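Dear colleague,

Please find below the structure that I am handing over to you. My notes on selected residues follow it.

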Amino acid sequence: QVRGLCGTFNGDQSDDFTTPEGDVELGVSAFANAFRAAGACPLLGPAIPDPCDAFPGSRERARAACAVLMGPVFQ
């Protein structure tokens with residue numbers, strides 16, 4: 001009975017991109033755009049932009065944070 005941006009949680013990944021209208025989108029951008037509030041956000045293009053490109057230095061901080069999460073403390 002679960003639907004939305006988090007998927008369906010029914011074990012079938014082929015229907016995780018079900019839109020509010022009941023369509024199943026093949027791409028991430030089209031799926032995300034189906035949940036977009038009209039006028040609130042720009043439409044996503046065919047590829048989702050890398051957030052690190054917009055914020056110089058973010059990639060290094062993200063790698064450092066991921067290293068902690070992937071390290072022995074969280075295993």
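Helices and strands are DSSP runs, with at least four residues for a helix and at least two for a strand, and they are numbered from the N terminus. In those terms, Phe 9 lies in the segment before H1. Please note that this is a predicted model, and that the residue numbers count from 1 along the chain as its sequence is written.

The segment before H1

Phe 9 has a relative accessibility of 68%, and therefore counts as exposed, the cut-off for that class being over 50%. Leaving aside residues up to four places away in sequence, Phe 9 touches Val 2 and Asp 16. The C-alpha atom of Phe 9 is separated by 26 Å from that of Cys 66, a residue 57 positions apart from Phe 9 along the chain.

Thr 8 is also found in the segment before helix H1, which spans 28–34. Is Thr 8 buried or exposed? Its relative accessibility is 10%, so Thr 8 counts as buried, a class that requires a value under 20%. With residues up to four places away in sequence not counted, Thr 8 touches Val 2, Arg 3, Asp 15, Asp 16 and Thr 18. Val 2 and Asp 16 are thus among the residues touched by Thr 8 and are likewise touched by Phe 9.

Polar contacts of Thr 8, Asn 10 and Asp 15

Asp 15 lies in the segment before H1 as well. Because its relative accessibility is 18%, which is under 20%, Asp 15 counts as buried. Which side chains make polar contacts with the side chain of Asp 15? One is that of Thr 8, at 3.0 Å, and another is that of Asn 10, at 2.8 Å. The side chains of Thr 8 and Asn 10 are themselves joined by a polar contact of 3.0 Å. The three side chains are therefore linked pairwise by polar contacts. Beyond residues up to four places away in sequence, Asp 15 touches Thr 8, Asn 10 and Val 24.

The nonpolar surface patch

Val 68, Leu 69, Met 70, Val 73 and Phe 74 form a nonpolar patch on the surface. Together, these residues have about 580 Å² of accessible area. One of them, Phe 74, is placed in the segment after helix H3, which covers 58–70. Phe 74 counts as exposed because its relative accessibility is 53%, and the class begins over 50%.

Yours sincerely

Notes. This is a predicted model: local features need pLDDT of at least 70, side-chain atom pairs count only at pLDDT 80 or more; totals for chains, interfaces and linings use all residues. Side-chain values use heavy atoms; hydrogens and water are left out. Buried means under 20% relative accessible area, exposed over 50%, partly exposed in between (1.4 Å probe, protein chains only). A polar contact is a pair of N or O atoms within 3.5 Å; within protein, one must be able to donate a hydrogen and the other to accept it, and residues adjacent in sequence count only if both atoms are side-chain atoms. Contact means heavy atoms within 4.5 Å. Patches are made of residues with over 30% relative accessible area and no salt bridge: like charges are joined within 9 Å, nonpolar side chains (Val, Leu, Ile, Met, Phe, Trp, Tyr) within 5 Å. Accessible areas come from the Shrake-Rupley method with a 1.4 Å probe; for residues, only the protein chains shown count as cover. A salt bridge is a side-chain nitrogen of Lys or Arg within 4 Å of a carboxyl oxygen of Asp or Glu.
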